[in-house]
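Work through the exercises below with the model open. Try each task before reading its solution.

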Amino acid sequence: MDVWFTENQTASVRLGLKVQSVLHQETTPYQELVVAETAAYGRMLVLDGAVQTTTVDEFVYHEMITHVPLMIHPRPKKIGIIGGGDGGAVREALKHPSIESVHLIEIDAQVVAAAKRYFPEISLELDNPRAHVHCTDGIEWVRQARDFDVMVVDSTDPVGPATGLFQAEFYQSVASALGDDGVMVAQSESPYLEPDVIQMVVRGMRSAFPIVRLYLAAIPTYPSGFWSFTLGSKGPLPGPADAQRTNFATRYWTPDVHQACFQLPKFVEDLLL
Ligand code: SAM
């Protein structure tokens, strides 16, 4: 008998993945957490019915949410990652030798525990001495954070505890937590299925940052497979990657992708008017 996982991505779109085994299932204080082995995308982390990470395509998301803002900042040393309890963004950030500390602010300690147990190739840097894991609400935490160079918002969809991570007031707190050349990025959903979320994020970020740009990546297990990230900057602009700083291994991000990802199709540009 075939067993299928179905994600209701919207009221009228579903993703179906054939499941080989369910490895873990629990209700945490914040969400329902499932780890399953899939036939096509490897091991998968699901929160409240939504795919967060699979071992086959996680590299796209984690490289693009991390290397793009880190390369845009001229000298990143102190990084904050809000959400991201799987550890993939921490792993990518620590590929940059200039990084002195990465602070991961994940509300749900059970996500970190499941990542360490079931996703060692994603979470492997969480025990690095430069990584500091804080299991608390990122919205509260960021209000007292200061002198960060880059802040990455690696959140779930804008429901439950992540709702506030998509609001203007939060972006204003992030701007206050960043130094003069500060750069932030937030995952901002799909231009096909969630254009309203993109517009809300862009509007909110424009209230806090003088420079706001959208960029794109292809992530097959996320709704529509066509994913957006929104970048807010206090000064540094997207441009060529500094060749002195690109000496690390990646599978999706390259210096060419770094520039090309900001080239938007017309219908996406029109969302930003
Ligand atoms: N990279 C994947 C993606 O975008 O789908 C995974 C993201 S990561 C697993 C998202 C994390 O954000 C979840 O583990 C969730 O617990 C966390 N999260 C949601 N709201 C949060 C908040 N207010 N503060 C800190 N973490 C939060």
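The exercises cover a hairpin, two enclosed or open spaces, and several single residues.

This is a predicted model, in which local features need pLDDT of at least 70, side-chain atom pairs count only at pLDDT 80 or more, and totals for chains, interfaces and linings use all residues. Residues are numbered from 1 along each chain as its sequence is written, and side-chain values use heavy atoms, with hydrogens and water left out.

**Exercise 1. Describe the hairpin of β4 and β5.**

Step 1. Locate the strands. Strand β4 spans residues 42–47, and strand β5 spans residues 50–54. Strands (E, at least two residues) are DSSP runs, as are helices (H or I, at least four), numbered from the N terminus.

Step 2. Check the pairing. Two strands pair if DSSP finds at least two bridges between them. Here four bridges join β4 to β5, and the strands run antiparallel. M44 stands opposite T54 in β5.

Step 3. Inspect the turn. Two residues lie between the strands, and D48 takes a positive phi near 45°.

Step 4. Assess the cover. Five of the five residues of β5 are buried (buried is under 20% relative accessible area, exposed over 50%, partly exposed in between; 1.4 Å probe, protein chains only).

**Exercise 2. Find the largest cavity and the largest pocket, and say what lines them.**

Step 1. Fix the rules. On a 1 Å grid over the protein atoms alone, a cavity is a set of points where a 1.4 Å probe fits but cannot get out; a pocket is an open set with protein on both sides within 12 Å along at least five of seven lines; lining residues have an atom within 4 Å of a point. Points are joined across faces, edges and corners, and a volume is the space filled by probe spheres set on them.

Step 2. Take the cavity. Two cavities of 30 Å³ or more are counted. The largest holds about 400 Å³. Its lining has 34 residues, with Q52, G84, D154, S155 and T156 closest to the centre. β5 supplies the largest share of that lining, four residues.

Step 3. Take the pocket. The largest pocket has a volume of about 310 Å³. It is lined by 20 residues, and D48, A50, D157, P158 and V159 lie nearest its centre. β1 (3–10) gives the most, three residues.

**Exercise 3. Where does T230 sit, and what does it touch?**

Step 1. T230 is in strand β12, residues 226–233.

Step 2. T230 has a relative accessible area of 0%, so it is buried.

Step 3. Its side chain makes a polar contact with the side chain of S188 at 2.8 Å (a pair of N or O atoms within 3.5 Å; within protein, one must be able to donate a hydrogen and the other to accept it, and residues adjacent in sequence count only if both atoms are side-chain atoms).

Step 4. Set aside neighbours within four places in sequence. T230 is then in contact (heavy atoms within 4.5 Å) with residues including M184, V201 and L214.

**Exercise 4. Are E189 and S224 buried or partly exposed?**

Step 1. Place them. E189 is in the loop between β10 (178–187) and α7 (195–206). S224 is in the loop between β11 (211–218) and β12.

Step 2. Read the backbone. Most residues other than glycine have a negative phi. E189 has a positive phi of about 70°, and S224 one of about 75°.

Step 3. Read the accessibility. E189, at 3%, counts as buried. S224, at 37%, counts as partly exposed.
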